[in-house]
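Let's walk through this structure together, one part at a time. Have the sequence and the model side by side as you read.

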Amino acid sequence: SQRVHDLLAKGLAEIGFVSPPFDSETYNTLALPAEKLCIIYNKKNFDFQNQTSISLLAISQLPLLIHHKYLPLIEKVCTPALIAPNIFCQSDDILPLIAWAKNGLGLAIVTSTAYNIFTHPDLATLPFTEELLSTGRGVIWSKKRRLSPAALKFIDVISNYIQTHTN
């Protein structure tokens, strides 16, 4: 998110996708609907017996591959249960996490849409049962800059998407 803020501040980008919190003094913001976290795993290495969802507490001792920004959410679930999750790897990029999951090194904890980024026949996904394991994103743009017609149209499309997916 910091890189996006830097690009916007320098005028090198008109619009950015960032995680909360949103700086409402500097940027106009459209908050996207919350997205549930899930695990992505290699079916050959991990067998969840046709489950349709999974609890973080049930997998907490398996090797977890996480984006560093999800650690506070994971701790919010595990700490009250007095469980220390087995964090095998933290990264600031989801692509290596999914690649490592594909190679059987662990369970990647990512947003549900990330599964579509890196599809492979050996990969499967399960959403978490815990409602707390969800995250938000937002579209931001500078209050000080005029947007191009294309950027305005993009914001209109995103705004319409939000309206149709939150009602």
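A residue is called buried when its relative accessible area is under 20%, exposed when it is over 50%, and partly exposed in between (1.4 Å probe, protein chains only). By that yardstick T111 is buried, with a relative accessible area of 12%. This is a predicted model, in which local features need pLDDT of at least 70 and side-chain atom pairs count only at pLDDT 80 or more, while totals for chains, interfaces and linings use all residues. Residues are numbered from 1 along each chain as its sequence is written, and side-chain values use heavy atoms, with hydrogens and water left out.

T111 sits in strand β6 (residues 107-111); helices (H or I, at least four residues) and strands (E, at least two) are DSSP runs, numbered from the N terminus. Taking contact as heavy atoms within 4.5 Å, T111 touches E35, K36, L37, C38, Y70 and T135, not counting residues up to four places away in sequence.

Several of these neighbours lead us to strand β3 (residues 35-42), where seven of the eight residues are buried. Two strands pair if DSSP finds at least two bridges between them. β3 is joined to β6 by four antiparallel bridges, and I39 has I109 as its bridge partner there. With strand β7 (residues 123-127), β3 pairs in the antiparallel sense over five bridges; here the partner of Y41 is A124. Strand β8 (residues 134-135) is also antiparallel to β3, through two bridges, with K36 partnered by S134.

Now turn to another sheet. It is open, has three strands in the order β1-β9-β2, and pairs in antiparallel fashion. β1 and β2 are the edge strands, each pairing on one side only. Neighbouring strands are turned by 30° against each other on average, direction ignored; axes are lines fitted to C-alpha atoms, for helices over the stretch in contact, and angles run from 0 to 180 degrees between N-to-C directions. Three bridges link β1 with β9, one of them matching V18 with G138.

Which strands does helix α5 lie across? It crosses β1, β2 and β9, running at about 35° to β2. α5 has 17 residues and reaches 24 Å from its first C-alpha to its last, close to the expected 24 Å, a span defined as 1.5 Å times one less than the number of residues. A151, I155, I158 and I162 are buried in α5. Seen down the axis, the buried residues fall within an arc of 65°, so they line one face of the helix; the arc is that of the directions from the helix axis to the C-beta atoms. An α-helix has 3.6 residues a turn, so residues three or four places apart point the same way. The face turned away from the buried side carries the exposed residues P149, A150, K153 and T164.

Finally, look at the rings. Rings of Phe, Tyr and Trp (its six-membered ring) pair if their centres lie within 6.5 Å; planes under 30 degrees apart count as stacked, over 60 as edge-to-face and the rest as tilted. A search of the whole structure finds two such pairs. F17 and F154 have ring centres 6.1 Å apart and planes at 80°, so they are edge-to-face. Because F17 lies in β1 and F154 in α5, this pair ties together parts 137 residues apart in sequence. F17 is partly exposed at 35% relative accessibility, and F154 is partly exposed at 33%. The rings of Y41 and F48 have centres 4.8 Å apart and planes at 85°, so this pair is edge-to-face too. Y41 is buried at 8%, and F48 is buried at 10%.
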